[in-house]
Protein chains: 2
Amino acid sequence: MGLADVLRDVVGPAHVLDDPDTTAPFERDWTGRFGGRAALVVRPADTAQVAAVVAACARAGAAIVPQGGNTGLVGGGVPRGGEVVVSLVRLNAIGAVDPALGVVEVGAGATLAALQQTARAAGFDAGLDFGARDSCTIGGAVACDAGGARALSHGTARTRVAGLEAVLADGTVVTRMAGLAKDNAGYDLPALLVGSEGTLGIVTRVLWRLEPRFDARVAALVPVASADAAAALLTALRAEAPTLESCDFFLDDGLELVLRYQRRASPIEPRAPFYVLAECAGRSDPTDELAAALERAGIEEALIADDTPGRDGLWALRELHPDAINAVAVPHKLDVGVPLAALGRFLDAVPRVLAEAAPDVPDARAILFGHLGDGNVHVNLLGPSPDDERADDAVLELVLASGGTISAEHGVGVAKARWLERARGAGEVAALRALKRALDPDGILNPGAVLPSPGLR
Amino acid sequence: MGLADVLRDVVGPAHVLDDPDTTAPFERDWTGRFGGRAALVVRPADTAQVAAVVAACARAGAAIVPQGGNTGLVGGGVPRGGEVVVSLVRLNAIGAVDPALGVVEVGAGATLAALQQTARAAGFDAGLDFGARDSCTIGGAVACDAGGARALSHGTARTRVAGLEAVLADGTVVTRMAGLAKDNAGYDLPALLVGSEGTLGIVTRVLWRLEPRFDARVAALVPVASADAAAALLTALRAEAPTLESCDFFLDDGLELVLRYQRRASPIEPRAPFYVLAECAGRSDPTDELAAALERAGIEEALIADDTPGRDGLWALRELHPDAINAVAVPHKLDVGVPLAALGRFLDAVPRVLAEAAPDVPDARAILFGHLGDGNVHVNLLGPSPDDERADDAVLELVLASGGTISAEHGVGVAKARWLERARGAGEVAALRALKRALDPDGILNPGAVLPSPGLR
């Protein structure tokens, strides 16, 4: 019996896709930069089926690409060519919120938005939020250690994991879902799986740590003269506004793209080189606190929104950046992190570095935006052809020279795998390779992602 | 040149100890239960020396036991016989607090008390506290993922690790000290090292995440009728007192031991079967909040202390339990965790289980205390001889039947290694063994700890 038939036995014939018309949506990523043909797309319904699928693929020596909502940006969730795509979207159950412990069990395939809704209905907050919330899955968020705008106050997805269930490369199911606040019986395998991008195991279920729900919210869009002025504003807000929940930024050329994409006029005049978007949240109205903090920081002009439509409108200016950029061209996307002290210099240097690296691409430009509070910059390079990575390389060199990281919250995927050794050093990458070989000796889980292929398969 | 001479070249002759008079303090643990002869005791001064020591031991095939303040309770930090003890106490530097990011660099050998003092002087709190604070080291706390009383509000040592430096079994130095809030470039090796008890690498330096310093504090010692009443009180305090920082418990027989050890009269009359010790902390005085929460929980009698001597006096009743017990006999110490919903039944069942397991030890008894908020119970068994583990086994079976963990905050060490497979299952332990082989193929780092010896060395 061939692998397809074995898998049909496991998940039912309707959930093994091999017709190119039905597999296509699973084969290419959202940006259009990454993708390949899948041998099959399999949609298991529960953890036991995932384990059986993985075991069958292991026996057949078939490589697996685990996939959540296919909202990844580094090619880590789509086939490179010939793999079995294991889609987790049917594992979308969300349990009842435990109000005493503030946790909820959630399947890997549930969307972040669905989890947010469940949390809010129970008086809690999911503690994680980013633009892809409606289609990204919890399993994917945990596999990439996703961050988003609220990492400033609530940490990344890692912080939310109070318990984890996963399937290893041989089909072993690891279940640590008791939610004990202290448990150090044996190595913390779940901690290693978080952020491993489906290369060490497939996350199937998470015991999610919730935050209290803060309904009193206010957002401020603040035009400033420079990146350094923005960094100074962040430091002031951190000190003066304990309710600060998120603090993002974008530049004027990005705002211009978004406004054209939205076909609307600018809500802010006069325009400025740099914009800070800060949100405060609490049990009681944080508007006065934010206004006072802005005043003490010497800010004279800001758009303040204390109602939901107003806040959504301000956040759209930031969150529509990826769509507005994609509407212009397929960008090279780099998600990097830089220590705050080096952020201003880094942002100022990117256009120069880009011009030097791709002098023969006269219309090359960088759209920069991201999460100021984490020093997390989304570098979108427009102009260079898809295969021209000279500018990418130059920007990543700049990141490392700034003491930063080549991947902040999107993951390494296949896009940055070849950069890992440069970033981490040969000795550390040798240790990471040893961990990969230990948990996936045949290299069937997401081959080519995180660690570059040579030596694995 | 023999290993001792090589190590003298690395650390200087004064820091390689081989005279039994000088090695003795490194060879036996604090409880007197665990220990053995060391081949040598080496005291490197910095990370480079640790790396050179490990590399030299690796070349010589010599097993290493890393040691911090030697305050461990599971035999994981003392030699079993013939190993090289690598003492980290000279790596005790503590850097300047970064007030903007709320972090501080601290050497593995610094004591928790020294870190607490540095943090407080800068307007912060270390966010971790337990009885051994004056002698335990930060490296040991991270290696065991120590918890303590404030894990309820601040999490365990893992939560404090914003960056980590460690030496792997081949002498490779892993340095992730940039303190970026988001960094997912490659597997989170530091997360795996936390809680691995020196079996996968030796922690040399930590970028420690601080908490705000709360100087307004109040503690309450509340006598209650039963474990279930205590659990109900905890739930009420959690809901009504957001400033709740810690919530410990002990029983009346433990209190009696402590009072005799202190040679003092009981501060609380009439006595009760069970005592809850709760502390609230905030920027402004939390006394009214705590008093109101206790009143709403139906508590009519409690000792309240809002000054430092008073709070210290109440906490001494809890923290002197280990000393008071050790003054009576060498106990069997089990550090376990049980879900809150099962805690009352568990505590009630321990004496019965003990009597059944050791019917021929008529004076056998269990002293129970710990951290109510985490379901973390320190089971101290008195009566059975050091080698008689029937009662230990029976209690650990009861823990697993209650959905709990055989190790909450002390670690597995050598004491519980043989229990790991029963607790985690054969499949998961196989994966943990594979991780150990990946990072320490020759099994030189703390052999016999965490994973039972067979198959390693």
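Contact here means heavy atoms within 4.5 Å. Keep that in mind for what follows, and remember that this is a predicted model. By that yardstick, take the contacts in chain A between residues at least 6 apart in sequence: 72% of them join residues at least 24 apart. Below is a quick look at chain A as a whole, then at one pair of helices in chain B.

**Chain A: fold and dimensions**

- If you go through the secondary structure of chain A, you get 17 helices and 17 strands.
- The C-alpha trace of chain A spans about 70 × 60 × 45 Å along its principal axes.
- Chain A has a radius of gyration of 22 Å, which agrees with the value near 23 Å for a compact globule with 457 residues.

**Chain A: inside and outside**

- Some 60% of the 457 residues of chain A count as buried.
- As for the outside, the accessible surface of chain A comes to about 16300 Å², and 51% of that belongs to carbon and sulfur atoms.

**Chain B: where two helices pack**

- Helix H10 of chain B (residues 252-262) packs against helix H13 of chain B (residues 321-328) at an angle of about 80°, with the axes 9 Å apart.
- Angles of 65 to 115 degrees count as roughly perpendicular, so H10(B) is roughly perpendicular to H13(B).
- On the H10(B) side, the contact is made by B:Gly254, B:Leu255, B:Leu257, B:Val258 and B:Tyr261.
- H13(B) brings B:His321, B:Asp323, B:Ala324, B:Ile325, B:Ala327 and B:Val328 to the contact.
- Sorted by character, the residues of this contact between H10(B) and H13(B) are 8 nonpolar, 2 polar and 1 charged.

How values were computed: Residues numbered from 1 in each chain as written. Chains lettered and ligands numbered in written order. Predicted model: local features only at pLDDT ≥ 70, side-chain atom pairs only at ≥ 80, totals over all residues. Heavy atoms only, no water. Axes fitted to C-alpha atoms, helices over the stretch in contact; angles between N-to-C directions. Helix = DSSP H or I, 4+ residues; strand = E, 2+ residues; numbered from the N terminus. Parallel < 35°, antiparallel > 145°, perpendicular 65-115°, else oblique. Nonpolar A, V, L, I, M, F, W, Y, C, P; charged D, E, K, R; others polar. Rg over C-alpha atoms; globule rule 2.2 N^0.38 Å. Buried < 20%, exposed > 50% of the residue type's maximum accessible area, 1.4 Å probe, protein only. Areas by Shrake-Rupley, 256 points an atom, 1.4 Å probe, with all protein chains shown as cover.
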